[in-house]
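Me: Could you take one part of this model and go through it closely, starting from how it pairs with its neighbours? After that, please follow the side-chain contacts elsewhere in the chain, with the cut-offs stated as you go.

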Amino acid sequence: MSFPGFFHRRSHRPARTHQAVTIGNFDGVHRGHQALLQSLQHEGLATAVLTFEPLPREFFQAGQAAPRLSSLHEKVHALRHYGVDQVYCLPFDQTLAQVSAEDFITQILMQQLQCRFLVVGHDFRFGAKRRGDLDMLLHYGRQYGFSVLEQPAFSLDGQRVSSTGIRAALQAGHLDQASQWLGRPYTLCGKIIHGDHLGRELGFPTANIPLNRRPVPVSGIFAGRLRSERGTWIAAISIGLRPTVGGKQMVLEAHCLDADNPDLYGQRVQVELLHQLRHEEKYPDLDTLKAAIARDILNTRHFFAEHPEDLHNPWTTSSH
């Protein structure tokens with residue numbers, strides 16, 4: 001059996017050397033994932049992550065799945081940041097969903113990935129009907145010469161860190177908890193495009209980052225940062241439908257404070273959310289909206305004045 005959709009970031013060929021491998025959705029690449037990635041370091045082997053697009057839950061739930069914490073691009077960025085050598089992706093479709101657990105091991109783990117050391121989460125299941133489990137991996141590992149490590153659940157303050165828990169914290173506006181579990185601020189990435197220039201007309205020019213109909217687990221007005229290769233700016237950030245002007249699609253807009261209108265059109269940027277200022281509201285007219293934006297900017301300044309440690313952050317970004 002071949003997997004023509006099998007790929008990684010640098011070529012479309014299978015691995016040529018033995019690798020330490022882990023498999024999963026890695027949605028958000030949170031601190032539990034980061035602990036697993038640390039366990040992947042093994043006797044000098046190259047490290048590799050196998051993930052899927054779409055995520056299995058998105059395939060099986062057909063539009064009803066919860067919003068992701070990270071796009072594929074954001075996930076690859078984070079995995080590379082945390083030291084993964086190669087990120088592989090398999091298109092998750094009906095063909096892959098029907099691959100038996102045994103074929104998954106022999107065709108993908110062994111032939112494609114050259115796996116010699118495998119790290120899996122404590123609840124890992126794989127293959128058609130989720131028949132594959134740790135016992136099967138251990139059995140085939142003895143047969144084919146790869147070792148297996150089961151990573152225990154990762155907890156903070158007695159709570160198991162999970163993508164589901166982070167998503168719930170973001171939806172409730174608890175960005176501090178989400179940041180603690182992620183190990184960094186919650187971040188959305190994208191390329192800046194030309195919008196309708198309404199912000200400029202109101203006196204508050206914004207960087208517009210399309211969400212491309214992507215569901216996100218947050219909405220409202222936030223204090224945060226916008227990062228690009230040209231610099232980092234504190235920003236008042238809006239994520240929502242813009243009901244005052246009859247918006248129909250979710251839009252991300254960031255007004256950079258103390259910026260001399262940097263020309264960032266076409267550049268890929270990272271928008272970090274640090275604190276939710278308020279929920280999105282519908283105002284009776286543009287003058288009322290303009291006054292609300294002015295308050296948001298003032299409150300953003302107050303947030304950074306009260307939290308000077310958030311002016312700078314060790315989570316750095318890079319082009320890739």
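Reply:

**Strand β12 and the contacts beyond it**

Strand β11 (residues 220-228) and β12 run antiparallel and are joined by 9 bridges, where strands are DSSP runs of E with at least two residues and helices are runs of H or I with at least four, numbered from the N terminus, and where two strands pair if DSSP finds at least two bridges between them. This is a predicted model, in which local features need pLDDT of at least 70 and side-chain atom pairs count only at pLDDT 80 or more, while totals for chains, interfaces and linings use all residues. Residues are numbered from 1 along each chain as its sequence is written, and side-chain values use heavy atoms, with hydrogens and water left out.

Within the pairing of β11 and β12, G224 has A235 of β12 opposite it, and the two strands form a hairpin with 2 residues between them. On β12 there is also a pairing with strand β13 (residues 251-256), again in the antiparallel sense, over 6 bridges; here I237 has A254 of β13 as its bridge partner. Strand β12 itself spans residues 231-240, and 9 of its 10 residues are buried, so the strand is largely enclosed by the rest of the structure; buried means under 20% relative accessible area, exposed means over 50%, and partly exposed lies in between, with a 1.4 Å probe and protein chains only.

The aromatic side chains come next. Rings of Phe, Tyr and Trp (its six-membered ring) pair if their centres lie within 6.5 Å, planes under 30 degrees apart being stacked, over 60 edge-to-face and the rest tilted. The count under this rule is 8 aromatic pairs. In the pair of F60 and F92 the ring centres are 5.7 Å apart and the planes stand at 70°, so the arrangement is edge-to-face. This pair links distant parts of the chain, 32 residues apart, with F60 in helix α2 (residues 56-61) and F92 in the loop between β4 (86-91) and α4 (94-97). The surroundings of the two rings can be read from their accessibility: F60 is exposed, at a relative accessible area of 56%, whereas F92 is buried, at 12%.

Another pair is made by F104 and F126, whose rings are tilted, with 5.5 Å from centre to centre and 45° between the planes. It too links distant parts of the chain, 22 residues apart, F104 lying in helix α5 (residues 101-112) and F126 in the loop between β5 (115-121) and α6 (134-144). Here F104 is buried at 6% relative accessibility, and F126 is buried at 6% as well. Returning to F60 and F92, these two residues belong with F52 and F59 to one aromatic cluster.

The charged side chains add a further set of contacts. The structure holds 11 salt bridges, each being a side-chain nitrogen of Lys or Arg within 4 Å of a carboxyl oxygen of Asp or Glu. One of them joins D27 and R167, at 3.1 Å from N to O. Because D27 lies in the loop between β2 (19-23) and α1 (31-39) while R167 lies in helix α7 (residues 163-171), this bridge ties together parts that are 140 residues apart in sequence. D27 is buried, with a relative accessible area of 3%, and R167 counts as buried at 6%.

A further salt bridge brings together the side chains of E58 and R68, at 2.7 Å from N to O. E58 is in helix α2 and R68 in the loop between α2 and α3 (72-81), so the two tie together parts that are 10 residues apart in sequence. R68 is buried, its relative accessible area being 11%.

The bridge between R131 and E102 has its closest N and O atoms 3.3 Å apart. With R131 in the loop between β5 and α6 and E102 in helix α5, the pair ties together parts that are 29 residues apart in sequence, so it spans a loop and a helix. R131 is partly exposed, at a relative accessible area of 47%, and E102 is partly exposed too, at 23%. Finally, D27, R57 and R167 are joined into one network by salt bridges that share partners.
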